[in-house]
Amino acid sequence: MDWLDRILRVPLDQLPFYLITLVIAFTIHEFSHAYFANKFGDPTAKLLGRVTLNPAVHFDLFGIILLLIAGFGWARPVPVNRDNFSKPRLMGVVVSAAGPLSNLLLGVLGTLVYVMLAQFGVLDAITNEKLFQAVLIFFNLFTIMNFFLFFFNLIPLPPLDGYRILEDIVPRRMLGKLQQYEQWSVLIFLVILIVPELQRYTITPLYNAAETIYIQFAHLFLAMFGA
């Protein structure tokens, strides 16, 4: 299995934890888009069965494979018809932001649970070394990956949520010009993320930011518990 270990971004022994994290993160992310779109009057996602926590309807196989190999990827986008909203631009921003914010919330909750397990002695009570390491690896991946997805999805390039938010907040006179260059923006997005030399300036800083915010929240929760 050495060949598989060479092409994956994460160590092979961590792959199960990585996949569990992606199942949760992507499912909650896409569900959040669908839920708020339906809540604001657009039934498109609901009619397609996307207002659900069933991971199978949200996963994109190629997006998952790419995330495991290249460090970035995607789930199946939730279709949204903004014309069904009473306030299309405002509600469009909320629907687009709901996905990344759900990952931020998952990262915060993951950090909180991990700190609580440590502070209340649950981790110390685990005598099985393999189980102890598994818990540490899972929470480390779960928190950092969700924080990473929060930052990643806010990049203002299509097809990410950050671009959809940008579409809804720029003046209408600029919207046509923005959409005119959309196809080139997608190409630029793929190039800067796929080329290894450029990943140091795109993917790597986002992972660093994810680790930083994880540490900051961990310190905050430790302070709350009087550590």
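1. A word on classes to begin with: Ala, Val, Leu, Ile, Met, Phe, Trp, Tyr, Cys and Pro count as nonpolar, Asp, Glu, Lys and Arg as charged, and the others, Gly among them, as polar. With that in hand, the lining of the largest pocket divides into 13 nonpolar, six polar and four charged residues. Please keep in mind throughout that this is a predicted model.

2. Staying with the largest pocket, its space comes to about 460 Å³. There are 23 lining residues, and the closest to the pocket centre are His33, Pro77, Val78, Pro159 and Asp161. Four helices, α2, α5, α6 and α7 (161-169), each supply at least two residues of this lining. The largest share, four residues, is that of α2.

3. Pro159 deserves a second look while you have the model open. This residue sits in the loop between α6 and α7, and the peptide bond that joins Pro158 to Pro159 is cis, with omega about 10 degrees. As noted for the largest pocket, Pro159 is among the lining residues closest to the centre, so you may enjoy viewing the two features together.

4. The second largest pocket holds about 200 Å³ of space. Its lining has 10 residues, of which Val10, Tyr18, Leu141, Ile144 and Tyr207 are the closest to its centre. Both α6 and α11 give at least two residues to this lining, and the largest share, four residues, comes from α6. By class, the lining has seven nonpolar residues, one polar residue and two charged residues.

5. Now for the packing. The largest nonpolar core contains 34 residues, and Tyr18, Leu22, Phe26, Met145, Phe148 and Phe152 have the most contacts inside it. Two or more core residues come from each of α2 (15-39), α4 (61-70), α5 (88-119), α6 (129-153), α9 (182-194) and α11 (203-224). In soluble globular proteins, nonpolar side chains tend to be buried together. Tyr18 appears twice in this note: in the list of core residues with the most contacts, and among the lining residues closest to the centre of the second largest pocket.

6. Helix α11 is a nice one to inspect by eye. It has 22 residues and spans 32 Å from its first C-alpha to its last, close to the 32 Å expected at 1.5 Å a residue. Which residues of α11 are buried? They are Ile203, Leu206, Tyr207, Ala210, Ile213, Tyr214, Ala218 and Phe221. These residues cover an arc of only 140 degrees around the axis, which puts them on the same side of α11. On the other side of the helix, Gln216, His219 and Ala223 are exposed.

7. Two alanines make a handy pair to check. Ala209 lies in α11. Is Ala209 buried or partly exposed? Its relative accessible area is 27%, and buried means under 20% while exposed means over 50%, so Ala209 is partly exposed. Ala25, in helix α2, has a relative accessible area of 0%, which is under the 20% limit, and therefore Ala25 is buried.

8. Lastly, two distances may help you get your bearings. Ala25 and Gln216 are 191 residues apart in sequence, with their C-alpha atoms 21 Å apart in space. Ala209 and Asp168 are 41 residues apart along the chain, and 26 Å separates their C-alpha atoms.

Methods: Residues are numbered from 1 along each chain as its sequence is written. This is a predicted model: local features need pLDDT of at least 70, side-chain atom pairs count only at pLDDT 80 or more; totals for chains, interfaces and linings use all residues. Side-chain values use heavy atoms; hydrogens and water are left out. A nonpolar core is a set of buried Ala, Val, Leu, Ile, Met, Phe, Trp, Tyr and Cys residues joined through side-chain atoms within 4.5 Å. Buried means under 20% relative accessible area, exposed over 50%, partly exposed in between (1.4 Å probe, protein chains only). On a 1 Å grid over the protein atoms alone, a cavity is a set of points where a 1.4 Å probe fits but cannot get out, and a pocket is an open set with protein on both sides within 12 Å along at least five of seven lines; lining residues have an atom within 4 Å of a point. Grid points are joined across faces, edges and corners, and a volume is the space filled by probe spheres set on the points. The expected span of a helix is 1.5 Å times one less than its number of residues. The arc is that of the directions from the helix axis to the C-beta atoms.
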